[in-house]
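Please find below my notes on the model, set out as numbered points to be read with the structure in view.

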Amino acid sequence: MGCFSSPLIHQEGYSKFSRRVHDKFLKNRIPVNAGIELTRKCNLQCVHCYERGVSKNGREELSFLQLRGILDQIAELGSLWLMLTGGEVLTREDFFDIYIYAKKKGFIISVLSNATLITPEIADTFKKWKPFTVEIPLYGADARTHDGVTGVKGSFDAALKAIALLKERNVQVNLKTFVTSLNYQSLKDLNKFAANLGYGLSLDCAMFPCIDHSQEPYKYRLKPKEVFEVLFETLQNKKDYLKTVKETMENFSCSEESDYFYNCYAGKGIFFIDAFGFLDVCIFSRSLHYDLLKGSVKEAVEKHFPVIRGRKLEDNSKCRSCQMRNFCNFCPAIADLEADKLNLDYYCETTNFLKGMAEKVAL
Amino acid sequence: MKTKEKYYRKNPNIVTREIEDEIILVPLKQDAKNMESIYCLSGSGTDAWKMINGKNSVSAIEKAMLKKYEVTEAKLISDLGKFFLKLEKIEAIA
């Protein structure tokens, strides 16, 4: 006879549930977050995009049938949160076939879209089959700035129309911006603009090279000082943050973990499948991918990921003993993408800037 | 109709997801704003949930659960009653 577990049902706040499930999965090394790139096609040409000029590897993009099989496998594995991204997902005519199939599998779905292709009909379908969120980038508070980043005139107006369509239908929208040298100066205006629309704005300024190793996006990368000006805009208490930095610096010591290249959630809490069926430990780490057309998601997670995560830093790597390591934006994915042009100077300069500020703060 | 003679059906707009050793109920129509709480089923709750199919009466589910679990009849009937009530309230069954 089995053990009766009471109560039979319990209600849990979303944040608590999310934290609990993430912790549980991390312990068991089952990635609870999956990302799928549905297409490389995009109707915009954003200056910071990491996917520009990428070849198709001689393969066609995954079909709906292939994606269905992959979604079945991901659900079977236990992943719960699903990010659908592109390119621009809505350039796929079968987007809603894929999306609704994923909804019916019970995934908690975030759709990343530039929103320019959202029509009233598409907004209606999102209303009927609500995503967890539609994440929409807004690069400026005016058309000149936004379109300057996207490279396409009219993209600002189209995005605003779409945001209004989704808002009218109570579809959850999250606005975010990627801060580049082109929109850095107008960030305050953008924050106000988003607030007037009724939304918060999440900021990101971690620039990645293109996945074909081109460093073109770096032309628009912020200077270290500017990175922190952006960061401090988002913090409630700058002094507390700097105190934490100082304490972490002072208590840093090399551990066995410091030897490993990957110290993040890549391949442990998340994984990413590109438009052609290659599975990687994260969205930017694309050099050691696993071909899903020749294997399974389960095999990749169980056999391939431990090999990738087992990679160690070179013996002479200055990162190993760097006391600022926990605050550095440099990651294995960048190392892979920069390939033979790897240059740590920008990251060292950035963390040294933070270190300088933290050292001035009294504990 | 008495509760014991009820034949509950699942709401097709609720999907269950098995994550490790627990089952959660995921409503198809909810977004982040409305997803303030998640409903999780225990192992016994999962068994009871699986038996809800419009063909098993509450009484039949009670009997099957009593056979399977080491629990007093009174405790099971009370817990199962609360379970169905909650599921009805969140429109997971009707």
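1. In this predicted model, helix α3 (residues 95–104) of chain A is largely enclosed by the rest of the structure, because seven of its 10 residues are buried. The buried residues of α3(A) are A:F95, A:F96, A:I98, A:Y99, A:I100, A:A102 and A:K103, a list in which a lysine stands beside aromatic and aliphatic residues.

2. The surroundings of α3(A) come from both chains: its buried residues pack against α2 (64–77), β3 (81–85), β4 (108–112) and α4 (120–128) of chain A, together with β1 (14–19) of chain B. After α3(A) comes A:G106, a residue with a positive phi near 90°.

3. The sheet of chain A is open and mixed in its pairing, with nine strands in the order β7-β6-β5-β4-β3-β2-β8-β9-β10. At its edges stand β7 (201–204) and β10 (290–291) of chain A, each with a single partner strand, so that one side of each has no neighbour in the sheet. Helix α1 (residues 14–28) of chain A packs on this sheet, where it touches β2 (33–37), β3 and β4 of chain A, and its direction makes about 95° with that of β3(A).

4. Within the sheet, β5 (residues 133–137) and β6 (residues 173–178) of chain A pair in the parallel sense over four bridges, and the bridge partner of A:E135 in β6(A) is A:N174.

5. A:L190, which lies in helix α7 (residues 187–197) of chain A, counts as buried because its relative accessibility is 1%, the cut-off being under 20%. Leaving aside residues up to four places away in sequence, A:L190 touches A:L138, A:Y139, A:G140, A:A141, A:T177 and A:L201. The C-alpha atom of A:L190 is separated by 17 Å from that of A:V227, which is 37 residues apart from it along the chain.

6. Where chain A meets chain B, 41 residues of chain A are in contact with 43 residues of chain B, and the buried area is about 3,300 Å², of which carbon and sulfur atoms give 58%. On the side of chain A, A:F4, A:L8 and A:I9 lose the most area to chain B, together 24% of what that side buries.

7. What kinds of polar pairing are counted between chain A and chain B? There are 15 residue pairs in polar contact, both residues at pLDDT 80 or more, whereas the rule finds zero salt bridges across this interface. The elements of chain A that give two or more residues to the side touching chain B are β1 (9–13), α1, α2 and α3, and the largest share, seven residues, comes from α1(A).

Notes
Residues are numbered from 1 along each chain as its sequence is written. Chains are lettered from A and ligands numbered from 1 in the order in which they are written. This is a predicted model: local features need pLDDT of at least 70, side-chain atom pairs count only at pLDDT 80 or more; totals for chains, interfaces and linings use all residues. Side-chain values use heavy atoms; hydrogens and water are left out. Buried means under 20% relative accessible area, exposed over 50%, partly exposed in between (1.4 Å probe, protein chains only). Contact means heavy atoms within 4.5 Å. Two strands pair if DSSP finds at least two bridges between them. Axes are lines fitted to C-alpha atoms, for helices over the stretch in contact, and angles run from 0 to 180 degrees between N-to-C directions. Buried area is the accessible area (1.4 Å probe) that two parts lose on being put together, summed over both. A salt bridge is a side-chain nitrogen of Lys or Arg within 4 Å of a carboxyl oxygen of Asp or Glu. A polar contact is a pair of N or O atoms within 3.5 Å; within protein, one must be able to donate a hydrogen and the other to accept it, and residues adjacent in sequence count only if both atoms are side-chain atoms.
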